[in-house]
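Reader: Hello! I would love a close look at the cysteines in this protein. Could you take me through them, and then show me a little of what else there is to see?

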Amino acid sequence: MSSYAARRTALRQELQATNLDALLVTNLLNVRYLTGFTGSNAAVLIDANGDDTSVFCTDGRYLTQSAKQVPDLERLIDRPCDLALAEKAEGRLGFESHHVTVDGFEALTEAAGKAELHRAGGLVEKLRLVKDEVEIEALRMACAAADRALAALIGHGGLRAGTTEREVARELESRMLDHGAEGPSFSSIVAFGANSAVPHHSPTDAVLHVGDFIKLDFGALVDGYHSDMTRTLVLGKPADWQRDLYDLVARSQAAGRTALRPGVSVSDVDHASREVIEKAGHGDDFLHGLGHGVGLEIHEAPALSKAGDGTLSAGMAVTVEPGVYLSGRGGVRIEDTLVVRESGPELLTLTTKELVVV
């Protein structure tokens, strides 16, 4: 059984548990998760019956591609796909209410005919919380591409006095492509000096000077899966305050990583890391949640934060990224992508977390 077929089997069990006869999946990322299709227009009707009698739909542009990527499902070539599939449905039909617009719902209601529409938002995302080993391998490769790109950037003098944030961002993203990425996971954050105190600073023409913090938050995309890593470095000899701040965040990040265990609440993981920074008197300078899930989206469930809900399960892929930001001076963030395991978290981003001086 392919990984896609296994995911559809798990979804059918969810449908049976919620007394649905079928689910109309229209979110393209969820379609990809369930079928492997990577085109820009598709939907899939998942039948709750024990046999996989699901129907995949796309339009004529993807006739050849869908035959290769979705060989194990009945295919319907039509558009709009959601309405074409709704017309085939019977009984209690779930739909992705978090994805369908009001106008879309009205059209589905008309197309569904005798089928009864029921809200079923988040059913596929619930399955996506726990990654299978195929997904984890893709995440591992994405993290490796980012690790190698940073090593190449540093090793070839990409971080030198006089270079700009924009230049470093472009070079970092180019080197990720050189090392197997399809592209960056998101627009890379490169922040020098006082700009490093801005958590989501966008690269500018700011120039790197000796003594500056260098904050790099970036990731690579491989097989549709995202990596996410932040490293903070210093150009030249660090000042005492820089080393002290870095060491504090490193201790906080280590505490958060250690807390990643199946059955632990996401808020408790946040607390384990945040407590280290609060006890040092910098609680107000930690401006965001501890981390987030990562996979087909760069930010997905679960959210590791004070207000986060739920508990960790083995196989979840998450980031741990505490930061302390001193406005007008500089900031430090250290971030890893990890997989929750019964034996302890598996670290996927392997670049050193020692303070790197370049």
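Author: Happy to help; here is a walk through a cysteine pair, a strand pair and one leucine. Please keep in mind that this is a predicted model.

Let's start with the cysteines. A disulfide is a covalent bond between the sulfur atoms of two cysteines. Here, the count of disulfides comes to zero. C57 takes part in no disulfide, and its nearest cysteine sulfur, that of C81, lies 3.0 Å away. Because the cut-off for a disulfide is sulfur atoms within 2.5 Å, a separation of 3.0 Å does not qualify. Seen from the other side, C81 is likewise in no disulfide, with the sulfur of C57 as its nearest cysteine sulfur. As for surroundings, C57 is buried, with a relative accessible area of 0%. C81 counts as buried too, at 3% relative accessibility.

Next, the strand pair. Strand β5, residues 92–95, runs parallel to strand β6, residues 116–119, and four bridges join them. Within this pairing, G94 of the one strand stands opposite H118 in β6. Helix α5, residues 102–112, joins β5 and β6 in a right-handed β-α-β unit.

Finally, the leucine. L338 sits in strand β18, which covers residues 336–339. With 1% relative accessibility, L338 is buried. Beyond its neighbours within four places in sequence, L338 is in contact with several residues, including R257, L260, M316 and V318, as well as P345 and L348. By contrast, V70 is 268 residues from L338 in sequence and 30 Å from it in space, C-alpha to C-alpha.

Note on methods. Residues are numbered from 1 along each chain as its sequence is written. This is a predicted model: local features need pLDDT of at least 70, side-chain atom pairs count only at pLDDT 80 or more; totals for chains, interfaces and linings use all residues. Side-chain values use heavy atoms; hydrogens and water are left out. Helices (H or I, at least four residues) and strands (E, at least two) are DSSP runs, numbered from the N terminus. Buried means under 20% relative accessible area, exposed over 50%, partly exposed in between (1.4 Å probe, protein chains only). Contact means heavy atoms within 4.5 Å. Two strands pair if DSSP finds at least two bridges between them. A crossover is right-handed if, with the strands pointing away from the viewer, the path from the first strand over the helix to the second runs clockwise.
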